[in-house]
Amino acid sequence: MSPSLTGISLHVKALLTTGHGPTDLRLADIDEPSPREDEAVVEVRAVSVNRGELAHAERLPPGSRLGWDVAGVVVRAADDGSGPAAGTRVVGVAPSTGWAERVAVPTRALASLPEEVRDTEAAALPVAGLTAYHSLRKAGWLLGSTLLVTGAGGGVGRFLVQLAARGGARVIAVVGSAERAVGLGELGASVVTTYDDVPDELPDLVVDGVGGQILAAAMDRLKPDGVAVAYGNASGQPLTLPADWGHRHPDTVFRRFSLLLEASRTPMAPTLAFLIQLLASGLLDPQVAATAPWGEAKPLLEDLLHRRVNGKVVLTVGS
Ligand SMILES: NC(=O)c1ccc[n+]([C@@H]2O[C@H](COP(=O)([O-])OP(=O)(O)OC[C@H]3O[C@@H](n4cnc5c(N)ncnc54)[C@H](OP(=O)(O)O)[C@@H]3O)[C@@H](O)[C@H]2O)c1
């Protein structure tokens, strides 16, 4: 950060798009954040990378900012008196601006961090953990239900498996290859399998982040009155169901989940605080698969893009 004569930084560094693909980013100076009344300024220590940010990085013009998940310290509390005080360690969801040394974060998307949770662990949680939590809420009753999770080896998938198992579901975790299955049994999955080897039992619930044929196959397996929740479409494929699907699934419910939409309706802070509490008490594992300083992010972004990461990529911020 560059100090001004008053000792206050005028510029901070941020990781920006270059227009040369989703993993080619550059560190550059940007203006200090100017928070709205309901935003705290956070000095960022760690961020995590979601597949969605790679998709944004691919699309956005050079010089664009990125980043949702941040962990760090509040250096300026919100002017409206909401949220944590200056000096509080926090985790939160920034409005696509989080990959910077300092960022303004709405207090409705910030939670305090207990001492025992490290910045790198906390940063892994927000988008993936909140998406898993809310997708499961949309799916419905977990206790005693059988839940099929597709893309179970990914960032959201690993939170889904853990939260659903904690909620009392029998979890069938489905992955693309044996390498992606690592650790899923320990996280609570009753069955861990690849797409070509899914057991015959009919799930009550499906939660999917892959889309296309994988979602279609999962919906085809559902009980006639089952519930499917789709939170993502990592495959980029359209969903095509067999012509007689509706006939065989007269009471099936299909729901789409969007964290952006959810966040516009409900403050994320209470759920974030709940998930952080699970982390602090050892009931949830952040599944941080790889960390690197943010200036050396490229190899890890490539690994994430090409599905070689079993869990979350976390970047540490600062020089
Ligand atoms: N709606 C929302 O608010 C929301 C929030 C978070 C994430 N998302 C979306 O949810 C999806 C998963 O996010 P994530 O952060 O968990 O990603 P991730 O960590 O990269 O996991 C992606 C998962 O999708 C599977 N997959 C299957 N086919 C794929 C393909 N063609 N390309 C990439 N992955 C494929 C991968 O498993 P295998 O390698 O085992 O096949 C992997 O488990 C993304 O589409 C993301 O944009 C949406």
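This passage describes the ligand site, the salt bridges and two individual strand residues of a predicted model.

The ligand comes first. It is surrounded by 24 residues. The closest of these are R51, G155, G176, Y231 and L259. By class, the shell around the ligand divides into nine nonpolar, twelve polar and three charged residues. Three helices each supply at least two residues of this shell: α1, spanning residues 51-59, α3, spanning 126-139, and α4, spanning 155-166. The shell also draws on two domains. Domain 1 covers residues 11-125 and 286-316, and domain 2 covers residues 129-260. Each of the two provides at least three residues of the shell.

Polar atoms of the protein approach the ligand at several points. At R51, a polar side-chain atom lies 2.6 Å from an oxygen atom of the ligand. G176 uses its backbone instead: one of its backbone N or O atoms lies 2.7 Å from a ligand oxygen atom. At A234, a backbone N or O atom lies 3.2 Å from a nitrogen atom of the ligand. Taken alone, the ligand exposes 910 Å². The protein buries 87% of that area.

Salt bridges form the second theme. The structure holds 14 of them. One joins R102 to E32, with the closest N and O atoms 3.5 Å apart. R102 lies in strand β7, residues 102-106, while E32 sits in the loop between β3 (25-31) and β4 (39-49), so the pair ties together parts that are 70 residues apart in sequence. Both partners are buried. R102 counts as buried because its relative accessibility is 18%, under the 20% cut-off. E32 counts as buried for a like reason, at 16% relative accessibility.

R102 has a further partner. Its side chain makes a polar contact of 3.2 Å with the side chain of E43. Salt bridges that share partners join E32, E43 and R102 into one network.

A second long-range pair consists of D119 and R45. Their salt bridge has its closest N and O atoms 3.9 Å apart. The pair links distant parts of the chain, 74 residues apart. D119 belongs to helix α2, residues 119-123, and R45 to strand β4. The two partners differ in exposure. D119 is buried, at 16% relative accessibility, whereas R45 is partly exposed, at 37%.

R118 and E121 form another salt bridge. Here the closest N and O atoms are 3.5 Å apart. R118 is exposed, because its relative accessible area of 54% is over the 50% cut-off.

The last residue considered is V227. It is found in strand β13, which runs over residues 227-230. V227 is buried, with a relative accessible area of 13%. In sequence, V227 and V192 are 35 residues apart. In space, their C-alpha atoms are 21 Å apart.

Methods
Residues are numbered from 1 along each chain as its sequence is written. This is a predicted model: local features need pLDDT of at least 70, side-chain atom pairs count only at pLDDT 80 or more; totals for chains, interfaces and linings use all residues. Side-chain values use heavy atoms; hydrogens and water are left out. A salt bridge is a side-chain nitrogen of Lys or Arg within 4 Å of a carboxyl oxygen of Asp or Glu. Helices (H or I, at least four residues) and strands (E, at least two) are DSSP runs, numbered from the N terminus. Buried means under 20% relative accessible area, exposed over 50%, partly exposed in between (1.4 Å probe, protein chains only). A residue is near a molecule or strand if one of its heavy atoms lies within 4 Å of it. A polar contact is a pair of N or O atoms within 3.5 Å; within protein, one must be able to donate a hydrogen and the other to accept it, and residues adjacent in sequence count only if both atoms are side-chain atoms. Accessible areas come from the Shrake-Rupley method with a 1.4 Å probe; for residues, only the protein chains shown count as cover. Ala, Val, Leu, Ile, Met, Phe, Trp, Tyr, Cys and Pro count as nonpolar, Asp, Glu, Lys and Arg as charged, and the others, Gly among them, as polar. Domain bounds come from an automatic or database domain assignment.
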